Amino acid sequence: MNTPLKKEYSNLGFDPDQLREKYRAERDKRMRDDGDEQFLRTRDDYARYADEDPFVDEPDERGPVEREVDVAVIGGGFSGIMAAARLKERGVEDVMLIESGADFGGTWYWNRYPGSQCDIESYCYLPLLEELGYMPKEKYSYAPEIFEHCQRIGEYYGLYELSLFQTRVTELRWSEAESRWRISTHRDDHIRARFVIQAAGTANVPKLPGIEGIHDYQGHSFHTCRWDYDYTGGDQSGGLTKLSDKRVAMIGTGCTSIQAVPFVGEHARELFVFQRTPSSVDARGNMPTDEEWYRSLKPGWQRARRENFADIVVGRPFEEDLVADGWTDIFRRLQSVLPPEGAVEGDPEELAFAAEVEDFRKMNEIRSRVDKSVKDPAAREALKPWYRQFCKRPTFNDEYLATFNRPNVHLVDVSERKGVDRITEKGVVANGVEYEVDCIIYATGFEMTSAPHRRVNFDVYGRDGKSLFGHWDQGLRTMHGLSSHGFPNWFFIGVNQNGLSVNMTAMFDDQARHVAYIIDEVGKRGSQVAEVTPEAETEWVAEIRRLSFANREFFEACTPGYYNNEGQLDGPNKGLVAQAYSPGINAFNALLAEWREQGEMEGLELR
Ligand code: NDP
């Protein structure tokens with residue numbers, strides 16, 4: 001068969017088999033038997049990097065609180081404040097947020113490393129822009145503006161007076177006799193709540209590599225999610241002048257590192273960047289918002305824009321690419337070479353090949369950006385990523401690659417030994433060489449998709465004292481990713497068995513709307529309790545499993561990372577994508593909308 005597609009791909013200028021083989025070899029080089037277990041995981045291990053809050057001048061000395069509320073929301077990041085906002089819009093007023101930081105913001109409260117910025121377009125990422133009448137300053141917002149926006153939402157919905165800050169939940173326990181959740185905190189608070197929404201975040205537990213000797217180091221060290229400006233000087237916009245006499249090691253080269261390295265490289269006496277897998281670094285091309293354009297947008301524009309973006313990044317057909325950036329690029333190209341709809345029907349292999357070719361083209365461009373930007377031949381080769389673009393979260397930055405042209409900045413490729421060898425009292429050993437440094441900065445990410453008990457610092461005990469983590473020990477078990485059997489009036493907002501989006505705030509907002517609907521309906525229907533039936537839970541898990549086969553092959557071929565559970569797709573924890581509702585967020589929202597329209601509260605037992 002000689003379809004239009006075959007013709008299009010007859011003269012590629014590169015050999016797909018050769019590239020596939022190269023990708024496989026680079027992946028195999030990095031595969032570790034210990035997979036996700038390579039990261040330290042006890043609370044004590046990371047406590048020294050994450051327990052202190054360097055951003056608060058004085059601890060709040062309040063005494064224990066005893067209170068009863070209608071809804072307690074655990075977490076004051078975007079997922080928590082969206083849940084509270086959507087509840088208040090429905091007239092559910094008695095809502096309390098419990099947050100470990102001293103303000104709202106979650107990841108944007110804690111992650112204040114220099115250069116921190118959101119890689120998703122601000123017009124899609126910042127929620128409630130229409131409701132609050134706010135115009136983002138730029139196409140891609142920097143962290144301070146995002147943090148301010150969280151505060152703006154808090155003010156607008158009157159959430160501050162309802163919240164307990166600097167408070168960590170230590171346990172949630174359901175009392176069947178009272179039909180209430182009992183919430184304990186590290187400040188001996190006793191809160192009773194009819195409903196609990198667990199919105200504790202996705203990037204809230206820092207991940208440290210289980211590198212031998214990590215606790216032996218005698219110099220200064222911190223994780224990027226608690227940037228120590230007392231040590232480095234400067235602030236989020238740079239000026240890290242106290243590093244001028246310091247030798248610094250940065251471990252990790254994911255999204256965080258790509259944004260922070262240019263600032264550290266500018267000021268440190270010497271910077272050693274330890275890289276296991278290079279990120280794909282595309283152009284950022286930020287620009288100020290065109291006010292005239294922004295003011296011309298019609299009501300409903302933000303939802304439409306988010307949906308357009310989400311459709312494109314799951315590969316659905318689209319008429320116009322509104323965001324038109326590095327996230328949508330491959331799909332825009334793919335759509336432009338596809339024959340009219342229907343012509344390739346029945347030939348999924350050919351479609352898959354077309355998608356792979358566009359990916360190769362994209363990644364060839366990413367690799368040629370490295371060629372153009374980096375002078376040193378060894379660094380240049382090491383900085384080239386050999387995997388498909390969405391195997392890891394892509395990054396976008398205009399300064400990172402050129403930072404390796406500075407004489408004080410050194411790239412240390414640790415791929416051959418699957419990571420740095422060990423940490424000593426004086427520094428980092430890699431490839432058998434000890435690098436003595438004054439400071440180690442861990443840019444090693446978060447427990448985003450690891451086993452559930454590693455992602456939350458407390459357990460949840462439902463009916464009959466059943467542990468949530470026990471319930472989930474053979475894998476997640478939920479209906480719609482939002483609630484589980486045995487855990488009445490308990491809801492989860494975050495990354496779970498639901499429609500994911502790289503634009504996380506859209507996902508949180510949609511989940512928040514749905515949970516707010518359920519809580520409101522339970523009251524309206526004169527009930528006290530809503531609980532998922534075992535049948536509904538089993539059905540949803542089966543549906544997730546059935547659909548997950550769609551992308552298994554793709555993630556199996558990927559270099560290890562948190563998207564594919566460090567390359568281990570079997571076993572209870574399968575990584576981010578294998579547990580999600582693979583048709584994507586728009587399809588998931590349509591499914592939830594239909595569920596609400598039917599009005600049966602199907603799968604929930606009300607009593
Ligand atoms: P990542 O998990 O993406 O990166 C961790 C890094 O640490 C990787 O480069 C990893 O290498 C490296 N690493 C781990 N163990 C070792 C080891 N033993 N030796 C050497 N290197 C090691 O963390 P980030 O903080 O960069 O990003 C986490 C997530 O936070 C992102 O994926 C994104 O979702 C979010 N984020 C979003 C931003 C945004 O713009 N919206 C900005 C920043 C973060 P390897 O890849 O080989 O495993």
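The exercises below concern the ligand shell and a set of paired strands in a predicted model.

**Exercise 1. Describe the shell around the ligand: which residues come nearest, and how do the residues divide by type?**

Solution.
- Start with the count: 26 residues stand around the ligand, and D119, T256, T277, K392 and Y562 come nearest.
- Sort the shell by type: twelve residues are nonpolar, ten are polar and four are charged.
- Then look for the element that gives the most to the shell: helix α10, residues 255–267, with three residues.

**Exercise 2. Find polar atoms of T253, R276 and T277 that lie within 3.5 Å of a ligand oxygen atom.**

Solution.
- For T277, a polar side-chain atom is 2.5 Å from an oxygen atom of the ligand.
- For R276, an N or O atom of the side chain is 2.8 Å from a ligand oxygen.
- For T253, the atom belongs to the backbone; this polar atom is 2.8 Å from an oxygen of the ligand.
- As for cover, the ligand on its own has 910 Å² of accessible area, and the protein covers 90% of this.

**Exercise 3. Trace the pairing of β4, β5 and β6, and locate the positive phi values in the hairpins.**

Solution.
- Take β4 (residues 169–175) and β5 (residues 180–185): they pair antiparallel over six bridges. V169 has T185 of β5 as its bridge partner.
- Four residues separate these strands in their hairpin, where S179 has a positive phi near 50°.
- Next, β5 pairs with β6 (residues 190–198), again antiparallel, over four bridges. W181 is opposite A193 in β6.
- The hairpin of β5 and β6 also has four residues between its strands, and D188 in the turn shows a positive phi of about 60°.

Key. Residues numbered from 1 in each chain as written. Predicted model: local features only at pLDDT ≥ 70, side-chain atom pairs only at ≥ 80, totals over all residues. Heavy atoms only, no water. Near = heavy atom within 4 Å. Polar contact = N/O pair within 3.5 Å; in protein donor to acceptor, adjacent residues only side chain to side chain. Areas by Shrake-Rupley, 256 points an atom, 1.4 Å probe, with all protein chains shown as cover. Helix = DSSP H or I, 4+ residues; strand = E, 2+ residues; numbered from the N terminus. Nonpolar A, V, L, I, M, F, W, Y, C, P; charged D, E, K, R; others polar. Pairing = 2+ DSSP bridges.
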